[in-house]
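Colleague: I keep hearing labels such as "buried" or "stacked" and I'd like to know what earns them. Can you take me through some, with the reasoning?

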Amino acid sequence: MTTTSEPEVAAQAGRALVYRFGDGTSDGTGEMRNLLGGKGAGLAEMSRLNIPVPPGFTVTTEVCNAFYAAGRQYPQGLDADVRAGVAHIERIVGAGFGDAENPLLLSVRSGARVSMPGMMDTVLNLGLNDVTVEGLAERSQNPRFAYDSYRRFVAMYGDVVLGMERDPVSDRDPFEALLAAKKQARGVELDTELDAEALKELVAEYKAEITEQLGVSFPDDSWEQLWGAVGAVFSSWENPRAVVYRDIYGYPSDWGTAVTLQAMVFGNLGDDCATGVVFTRDAATGERRLSGEYLINAQGEDVVAGARTPQPVIASASADYERSFERAMPDSYQQLERACATLEEHFKEMQDIEFTVQQGRLWILQTRSGKRTGHAMVKIAVDFVEEGVIDRDEALRRQSPEQLEELLHPVFDQDVERDVIAKGLAASPGAAVGRVVFSADEAAEWVSRGERVTLVRNETSPEDIEGMIAAQGILTARGGMTSHAAVVARGMGKCCVTGCGSLKIEYQQGRFTVDVPGQGSVTVERGDVISLDGTTGEVMLGELPALDPVPPEEYDLLMQWADDARRLEVRANADTPADAAKARVFGAHGIGLCRTEHMFFGDDRVLAVREMICAENEAERREALAKILPMQRDDFSGILRAMAGYPVTIRLLDPPLHEFLPTDEPELLEVAEALGITLEETERRVAALEEFNPMLGHRGVRLAITFPEIYETQVQAIIEAACDLVAEGVDAKPEIMVPLVGMEAELSQIRDLINAMARRVMDERGTRVDFSIGTMIELPRACMVADRIAEYADFFSFGTNDLTQTTYGLSRDDSSRFLPAYLDRDLFTRDPFVELDRDGVGALMRIGIERGRSTKPDLQVGICGEHGGDPSSVEFCHQRGLDYVSCSPFRVPIARLAAAQAALSED
Ligand code: PEP
Ligand code: MG
């Protein structure tokens with residue numbers, strides 16, 4: 001190796017160049033991420049906790065910086081420290097680096113202070129050469145394994161360290177080409193069918209290829225290999241991928257990367273070896289018990305790849321009892337149990353731990369906080385609080401508002417008989433009903449035709465993501481609870497059943513068959529409907545009825561904590577008594593938006609509504625409205641009753657009238673008859689109502705300026721309903737809201753109209769009700785003149801759907817044609833109709849709030865656009881001092897939690 005004598009490293013506070021770990025000791029700590037990288041710091045910490053990590057050492061990020069400062073030369077003293085580090089590993093493992101009989105193999109990995117997945121380089125199995133490979137073959141009693149490792153090492157080293165290039169014409173990796181040629185020559189299809197002899201030949205061929213392409217020979221000396229790999233990892237800090245990644249995330253180049261060298265451990269040296277993944281709590285239910293899977297005589301990726309279905313870690317009452325890790329390797333299991341307890345206690349969080357047993361000895365390879373279902377997320381956090389591990393605020397901070405949605409997903413009715421044709425692993429909860437498709441493309445295509453589908457695969461891979469997103473549920477024949485399908489589906493909160501071994505899929509024919517006890521072979525064709533139960537793992541033919549979900553017992557307590565922590569009120573957007581009742585169950589404190597137009601569409605009233613619209617004079621219109629009045633009164637009565645004691649914001653009619661118009665001849669005839677006019681006359685009146693741009697046309701308050709009797713009738717219905725309820729002793733709290741106001745004069749006129757009608761009704765009924773009058777703020781001008789509008793408003797409610805539309809000039813109806821392109825090209829990170837645009841729409845909101853409150857300091861301000869249920873938008877509303885957010889009933893719990901998190905993030 002080359003060294004530099006420049007004093008740059010010594011100048012760095014005399015810190016060591018190399019930090020060792022393993023055997024219950026370590027030179028570093030978990031705090032030293034900047035110096036040791038995330039990985040090195042994590043290993044140091046685990047070793048300190050006496051967790052049996054494969055021993056190793058980390059070359060610091062300072063050495064990396066010194067390496068660059070000195071023109072890619074290693075600092076003085078590094079050689080001796082690295083040799084001492086290797087000796088440390090040799091002592092613990094009892095093997096020798098370069099030793100012919102018992103060779104120590106190393107992994108060499110990069111590690112920046114933050115994880116940069118896949119950006120920098122890694123070399124595995126370092127230390128193999130023609131001599132040590134024989135030692136490995138002998139010790140493992142498995143020459144095929146030894147030569148396969150050797151072959152992979154030469155290829156990896158050739159690519160990463162020596163810089164082998166792909167074929168410029170075919171873009172093929174040269175080693176892959178040689179492997180393919182070897183399989184062809186041997187007449188086999190799979191890598192695993194090549195024997196030790198063939199793999200040995202491949203090693204020689206790989207090396208010859210290196211010499212031919214690069215003019216150098218492959219280094220056989222283990223130490224030369226080591227220095228080459230360390231240099232390559234340092235150099236990979238400046239590779240184009242890593243540089244671009246750092247630019248995107250704004251990471252400075254002088255962070256540097258550390259290099260961690262660690263003993264390789266193998267779970268595939270025989271039947272006293274195993275590898276697995278364990279969660280310290282049940283990742284599906286959150287129960288306080290270990291859960292996880294392992295495979296005997298396997299490598300880590302075999303567990304997650306899904307090619308073999310793994311066995312459970314814990315012995316259960318099932319048929320897998322004897323094959324569980326607990327039973328098969330009881331000593332290692334006990335050690336694992338202790339390590340799990342230590343790690344969970346230390347990190348105060350449920351851990352996802354990778355382990356390997358090599359010839360009876362347990363090694364922990366990695367720990368991180370574990371992914372979990374929404375159900376488990378709630379239960380684990382509440383349990384941790386009750387166990388005294390974390391406090392309530394921390395429990396709330398740990399919730400993902402989006403994941404809560406899973407708890408709100410339907411489950412199949414247990415009482416309905418099931419025609420179960422197969423059973424797999426309950427990988428991700430939920431109930432899915434859909435037509436069977438066999439590929440991601442098929443899934444996307446069927447869904448674009450309006451079908452609901454279930455994606456059925458032997459196993460899934462990242463290419464299937466689009467199909468998984470499109471599908472209602474995912475069913476795989478292979479793979480366990482930690483397979484790709486399971487992990488991805490759980491992350492999406494999507495129903496998934498994996499490892500359904502009885503499925504025989506024939507992709508070509510577009511079908512699968514299963515042997516069902518008592519029924520024989522059952523064939524399910526592409527397009528047939530199946531139902532998947534992600535909570536039991538059962539697969540049923542046909543469509544099963546689904547029921548509302550049952551959240552964990554801890555859910556109510558957690559939501560109570562959220563309610564205690566939040567400042568924002570949460571209301572629901574609901575237009576029917578049934579939705580209002582559901583909103584109450586979900587914890588809404590009132591209705592923030594009751595859109596009255598939905599009531600106008602009812603079968604029993606649309607004719608009256610059409611008569612009203614097609615009326616040519618006030619008298620005709622009033623006649624039609626008189627028919628609508630009692631129906632509206634019933635609507636409002638039902639909603640106000642369901643929300644007794646809470647405010648109900650009723651918005652007066654908003655949409656352009658043409659939305660209700662008759663479209664076909666029978667409908668036109670019906671209206672003609674009701675109005676006593678001809679068909680031609682009806683057609684003429686309908687045509688006259690047509691608008692070029694109805695969204696900016698005759699809608700909202702403009703309807704009431706031209707046809708005041710429409711709002712008068714609605715107000716009459718509201719106040720009559722409220723008076724009747726109050727007389728009954730029901731606490732009805734209507735808030736009357738005027739849409740699409742852009743000028744204070746609009747609101748002042750309509751306010752007079754509302755007050756006059758309300759007074760009239762109350763006098764007639766001899767009852768008084770408390771009601772307020774407010775406006776939607778959904779036009780930029782309304783924000784700008786909010787101080788003047790506030791003179792006539794008791795409250796503001798931001799209609800951010802229209803405000804987004806009018807601020808961006810983006811049509812709510814048409815923008816979906818080009819929005820995907822904007823999202824693809826990163827012009828938007830999220831759809832602005834989903835996540836509030838803080839810079840534009842948000843700035844207008846700020847002006848609206850400030851100006852409105854400058855007139856009325858206690859002006860009530862809320863939001864009722866779709867953004868009211870989006871966690872990031874809820875945070876913004878909290879920060880801007882709104883009084884409440886209002887969203888669809890199913891999103892109410894999400895908004896409650898997001899509001900609590902927003903309040904906590906201020907502390
Ligand atoms: C809005 O514009 O944000 C709103 C809530 O009203 P609508 O969606 O009914 O136009
Ligand atoms: Mg609107």
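Here is a chat that goes from the whole chain to single residues, label by label.

Modeller: Before we start, keep in mind that this is a predicted model. The protein holds 35 helices and 36 strands, and its C-alpha atoms fill a box of roughly 105 × 75 × 60 Å along the principal axes.

Colleague: How many residues does the protein have, and what share of them count as buried?

Modeller: There are 907 residues, and 54% of them count as buried. As for contacts with a separation of 6 or more, 67% are made by residues 24 or more positions apart.

Colleague: What makes Pro577 buried, exposed or partly exposed?

Modeller: Its relative accessible area is 37%. Buried needs under 20% and exposed needs over 50%, so Pro577 lands in between and is called partly exposed. You'll find Pro577 in helix α20, residues 577–585.

Colleague: And which residues is Pro577 in contact with, leaving aside neighbours within four places in sequence?

Modeller: Those are Gly638, Ile639 and Ala642. Asn34, on the other hand, is 543 residues from Pro577 in sequence and 57 Å from it in space, C-alpha to C-alpha.

Colleague: Let's do a helix. How do you know that the span of α7 agrees with what it should be?

Modeller: Helix α7 covers residues 196–214, which is 19 residues. The expected span is 1.5 Å times one less than the number of residues, so α7 should span 27 Å, and its end C-alpha atoms are indeed 27 Å apart.

Colleague: Which residues of α7 are buried, and what do they pack against?

Modeller: The buried ones are Ala198, Leu199, Leu202, Val203, Tyr206, Lys207 and Ile210. They pack against α5 (143–160) and α6 (174–186). Just after the helix comes Gly215, with a positive phi of about 75 degrees.

Colleague: On to strands. What makes β13 and β15 edge strands?

Modeller: Look at the order in their open sheet of five strands: β13-β12-β11-β14-β15, with antiparallel pairing. β13 (311–312) and β15 (361–369) each pair on one side only, and that makes them the edges.

Colleague: How do you know that β14 and β15 really pair?

Modeller: Pairing takes at least two bridges. β14 (residues 351–358) and β15 have eight, in the antiparallel sense, so they pass. One of the partnerships puts Phe355 with Ile364 in β15.

Colleague: What about β27, which strands does it pair with?

Modeller: β17 (residues 420–423) pairs with β27 (residues 538–541) over three bridges, antiparallel, and Val420 stands opposite Met540. β26 (residues 529–533) is also joined to β27 by three bridges, again antiparallel, and there Leu532 has Val539 as its bridge partner. In the hairpin of β26 and β27, four residues lie between the strands, and Gly537 takes a positive phi near 85 degrees.

Colleague: Now rings. Why is the pair of Tyr251 and Trp255 called stacked?

Modeller: The count comes to 24 aromatic pairs. In this one the centres are 5.0 Å apart and the planes differ by 25 degrees. Centres must lie within 6.5 Å, and planes under 30 degrees apart count as stacked, so the label fits. Both Tyr251 and Trp255 are buried.

Colleague: And why is the pair of Phe325 and Tyr333 called edge-to-face?

Modeller: Their centres are 6.3 Å apart, with the planes at 70 degrees. Edge-to-face asks for over 60, so that's the name this pair gets. Phe325 and Tyr333 are both buried.

Colleague: What makes you say that Arg571 sits over a ring?

Modeller: Arg571 lies over the face of Tyr884, 3.9 Å from the ring centre. The distance has to be within 6 Å, so it qualifies on that score. Likewise, the charged end of Arg449 sits over the ring of Trp446, 4.9 Å from its centre.

Colleague: Last one. What makes Glu778 and Asp802 donors of the magnesium ion, ligand 2?

Modeller: The OE of Glu778 and OD of Asp802 lie 2.1 Å from the ion, and the limit here is 2.8 Å, so they count as donors. Glu778 lies in the loop between β33 (772–777) and α29 (780–784), while Asp802 is in helix α31 (residues 800–808), so the pair ties together parts 24 residues apart in sequence. Glu778 and Asp802 are both buried.

How values were computed. Residues are numbered from 1 along each chain as its sequence is written. Chains are lettered from A and ligands numbered from 1 in the order in which they are written. This is a predicted model: local features need pLDDT of at least 70, side-chain atom pairs count only at pLDDT 80 or more; totals for chains, interfaces and linings use all residues. Side-chain values use heavy atoms; hydrogens and water are left out. Helices (H or I, at least four residues) and strands (E, at least two) are DSSP runs, numbered from the N terminus. Buried means under 20% relative accessible area, exposed over 50%, partly exposed in between (1.4 Å probe, protein chains only). Contact means heavy atoms within 4.5 Å. Donors are N, O and S atoms within 2.8 Å of the metal (3.2 Å for Na, K and Ca); water is not among the atoms, so sites may look incomplete. Rings of Phe, Tyr and Trp (its six-membered ring) pair if their centres lie within 6.5 Å; planes under 30 degrees apart count as stacked, over 60 as edge-to-face and the rest as tilted. A charge sits over a ring if NZ of Lys or CZ of Arg is within 6 Å of the ring centre and within 35 degrees of the ring normal.
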